[in-house]
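Student: I'm new to this structure and would like a close look at just one part of it. Please pick a helix and walk me through what surrounds it, with the rest of the chain brought in where it helps.

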Amino acid sequence: MSVLYEDGLLQTVHYMVIKPEAKAVLESLANVASRTSDPQELARAARALDALTRVRDADPVFRDALAGLPRDAAVRSAYGDFLLARYLNGDAVEQYQAAL
């Protein structure tokens, strides 16, 4: 699976009912968080956790990804979207501004 495909899949799945096949892919991506310190992998895992509505798990994984990629606009924007969806508007704005 390419990064682009995974990210597109995560965005699509996030806004629809998760089918069993998609849930299995998301679970597989989410499980990577406990086995890696690679920030790109952590960012994918955080998006998967978010899509699975595992909010308490996703937040620290997003933070770990950002610790390794502090200047990555895509990860900052994804974390901003995550925060905005939880009505943490001020925190989301901070992430969006940092992405710029």
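**A close look at α5**

Tutor: Let's start just past the end of α5, where Tyr87 has a positive phi of about 65°. Before going on, keep in mind that this is a predicted model, with residues numbered from 1 along each chain as its sequence is written. Local features need pLDDT of at least 70 and side-chain atom pairs count only at pLDDT 80 or more, while totals for chains, interfaces and linings use all residues, and side-chain values use heavy atoms, with hydrogens and water left out.

For a bit of context, the chain has 6 helices and 0 strands, giving the pattern α-α-α-α-α-α along the sequence. Helices (H or I, at least four residues) and strands (E, at least two) are DSSP runs, numbered from the N terminus. Of the 100 residues in the chain, 38% are buried. Here buried means under 20% relative accessible area, exposed means over 50%, and partly exposed is in between (1.4 Å probe, protein chains only).

Now to α5 itself, which covers residues 73–85. Its 13 residues should span 18 Å at 1.5 Å a residue, and the end C-alpha atoms are indeed 18 Å apart. That expected span is 1.5 Å times one less than the number of residues. The N-terminal end has a cap: a side-chain oxygen of Asp72 sits 2.9 Å from the backbone nitrogen of Ala74. This is a polar contact, that is, a pair of N or O atoms within 3.5 Å; within protein, one must be able to donate a hydrogen and the other to accept it, and residues adjacent in sequence count only if both atoms are side-chain atoms.

Which residues of α5 are buried? They are Val75, Arg76, Ala78, Tyr79, Gly80, Phe82 and Leu83. Among the parts covering them are α3, α4 and α6, with contact taken as heavy atoms within 4.5 Å.

Some of these residues also take part in ring pairs. The whole structure has 3 aromatic pairs. In one of them, the ring centres of Phe62 and Phe82 are 5.2 Å apart and the planes meet at 45°, so this pair is tilted. It brings together distant parts of the chain, since Phe62 belongs to helix α4 (residues 55–68) and Phe82 to α5, 20 residues apart. For Phe, Tyr and Trp (its six-membered ring), rings pair if their centres lie within 6.5 Å; planes under 30 degrees apart are stacked, over 60 edge-to-face and the rest tilted. Phe62 is buried, and Phe82 is too. Add Tyr79 and you have a cluster: ring pairs link Phe62, Tyr79 and Phe82.

Phe82 has another partner further along. The side chain of Arg86 comes to 2.8 Å from the backbone oxygen of Phe82. Arg86 sits in the loop between α5 and α6 (89–99), and its relative accessibility of 24% makes it partly exposed. Leaving out neighbours within four places in sequence, Arg86 touches Asp50 and Val55. Val55 is 31 residues from Arg86 in sequence, yet their C-alpha atoms are 9.2 Å apart.

Asp50 takes us to α3, one of the helices covering α5. Helix α3 (residues 39–51) also holds Arg44, which counts as buried at 8% relative accessibility. The side chains of Arg44 and Glu41 make a polar contact at 2.8 Å. Overall, α3 is mostly covered, with 11 of its 13 residues buried, including Asp50, Arg44 and Leu49. At the start of this helix, a side-chain oxygen of Asp38 comes within 3.1 Å of the backbone nitrogen of Gln40. Just after α3, Thr53 has a positive phi of about 60°.

One last helix makes a handy companion: α2 (residues 20–31), with 12 residues and a reach of 16 Å from first C-alpha to last. Its buried residues are Ala22, Leu26, Leu29 and Ala30. Looking down the axis of α2, they fall within an arc of 100°, so they line one face of the helix; the arc is that of the directions from the helix axis to the C-beta atoms. On the other side of α2, Pro20 and Glu21 are exposed.
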